[in-house]
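Reader: Please take one part of this model and look at it closely, then work outward to the empty spaces that surround the chains.

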Amino acid sequence: MNGSRSLPSEVPFASFFVYAPRPVPGEGDAGPKSRRLVRSIKNEAHHFSVRWNLAEFVRNGLSGKLRELYLGSDTTLVPMPGHAPLRDQDSRWPADELCTEFLKAGLGAQSLPLIERVHRVSKAAFSSASERPTASRHFESFRCMAQIGVGECITVVDDVITRGATMLAAVAALQSVYPGASVRGFALIRTMSDVALQSVTEPVEGSVVLRGDETIRRP
Amino acid sequence: MVATAMQLGDDGRVDTYVWKTPEDLLGPLDEVERKHAPEQLWIAGDASLLTHGARVSIVGSRKASELGLRRAAKLAHLLVQRGVTVVSGLAEGIDAAAHTQAILSGGRTVAVLGTPLDKTFPAMHRDLQAEIIRSHLAVSQFAPGSSTTRASFPMRNRTMALVSDATVIIEAGAKSGTIHQGWEALRLGRALYILESLARCGFEWVDKLRDHGAHVLSDGNREEFMDSLPEESRIERFAQSPF
């Protein structure tokens, strides 16, 4: 079980690509590219990553500082679980596939599925604003496994970050079980609504801040 | 475009048989997809329906209610308007309503058969199957001339989940074969939707599917559902650099 129910007020995260969920005037070809990127990651992360050397692209595109902080050679990667428990143990999901590909490209030291979803939560994309799961709800739906050999640097890896509620909860879950570790979040893609994207590649470091029940992602 | 892979003879029956591997048609499969994928797919009609564009399965009960049939037809029409190919299993009830409306709405449809291509089940859908072969696409994992057993239909449902980007269950009872498709869609990581009216029926299997990731599809989130569908097939996505 998770050790503590308290959530941190802020957690650090980094991301690599940006994604505009809906067309925006003046977006050029970056907007459609970003949507194709998300569909590909969501639907065929493994083959897509291999076909386009995605992990190597990320490795080469991240600054040395971000690479070392988030996906360094001593970092344990933890794939973010999906929004519902897995029924079949052989199932793969995008974040798990990404961790596997990152390791092959020399990013991270190991990948361990330390967080499990034990209760389903509504998928934010199909929920009204009032029904979207809060960070607390995500936290309660997680079970975090204690394991020897995890190390002092842990990064939760997700495919897409929007408001950051899931990320904040996952980082909190790991912090509660590994209090001595430095826990961060990395999302391959950052959602940018109502923005005319100029490029799909925009590595940034930022934070997810908790304000009451709401999370705010910066940037 | 992939050329039409099979032609009908003058008597309306298939007179040549062509098969391809699932990877020929769908692009590369991962190990999870390969687990239940058939070794080959016999195809009759326009194979480009599996290599181009998005596909959604509409499935449900053979003994469907009038309301269920109307709901299946409405969804098929809406998908056609979005350019999405409607996939179903040529069975009575929901399947036939989905195929028929897709055709009437001027869209495209794929029938994934539980029989070989040289047979029709139920026999009353012989004309529908012939029309699908003539202008759309019929697919079977069973070699022409092979026998059909009770196990054939759950196998067909798994294949239907494989060839579809998403599955929508319209109406189904406690022991419907549709449930197999729901679980397979979730196992494959495909989106699975259960119509709101069905979700309210209190079936235990519906709750279990929801607990493992199925979404409830309602009028309120229909646009989000439509927006979540891919615009192109896996093969098409693979062909374009994302960076």
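Author: F102(A) sits in helix α4 of chain A, residues 94-104, where a helix is a DSSP run of H or I of at least four residues, a strand is a run of E of at least two, and both are numbered from the N terminus. This is a predicted model, in which local features need pLDDT of at least 70 and side-chain atom pairs count only at pLDDT 80 or more, while totals for chains, interfaces and linings use all residues. Residues are numbered from 1 along each chain as its sequence is written, chains are lettered from A and ligands numbered from 1 in the order in which they are written, and side-chain values use heavy atoms, with hydrogens and water left out.

F102(A) counts as buried because its relative accessibility is 1%, the limits being under 20% relative accessible area for buried, over 50% for exposed and partly exposed in between, with a 1.4 Å probe and protein chains only. Leaving aside residues up to four places away in sequence, F102(A) touches A55(A), V58(A), L71(A), L77(A), L107(A), V157(A), F186(A) and L188(A), a contact being heavy atoms within 4.5 Å. One of these partners, V157(A), is 55 residues away along the chain, yet the two C-alpha atoms are separated by 10.0 Å.

The chain around F102(A) has 6 helices and 9 strands, and 53% of its 219 residues are buried. Of the contacts in chain A with a separation of 6 or more, 81% join residues 24 or more positions apart. The C-alpha trace of chain A spans about 50 × 40 × 35 Å along its principal axes.

Chain B offers a helix to set beside this one: α4(B), residues 66-81, reaches 23 Å from its first C-alpha to its last, close to the 22 Å expected for its 16 residues at 1.5 Å a residue (1.5 Å times one less than the number of residues). Its buried residues include A72(B), A73(B), L75(B), A76(B), L78(B) and L79(B), and the buried residues of this helix pack against β3, β4, α5, β7 and α11 of chain B. After α4(B) comes G83(B), whose phi is positive, near 80 degrees.

Turning to empty space, a search of the whole structure finds 2 cavities of 30 Å³ or more; on a 1 Å grid over the protein atoms alone, a cavity is a set of points where a 1.4 Å probe fits but cannot get out, a pocket is an open set with protein on both sides within 12 Å along at least five of seven lines, and lining residues have an atom within 4 Å of a point. The largest cavity holds about 160 Å³, and of its 19 lining residues R55(B), L162(B), D165(B), R190(B) and R234(B) lie nearest its centre. Chain A takes part as well, since α1 of chain A is among the elements that each supply at least two residues of this lining, although α12(B) gives the most, with 3 residues.

The second largest cavity has a volume of about 30 Å³, and its lining includes E33(B), H36(B), R158(B), L162(B) and E184(B). The largest share of that lining, 3 residues, comes from α7(B).

The second largest pocket has a volume of about 380 Å³. Among the 17 residues that line this pocket, S122(A), F126(A), S127(A), V216(B) and N221(B) are the closest to its centre.

Notes. Grid points are joined across faces, edges and corners, and a volume is the space filled by probe spheres set on the points.
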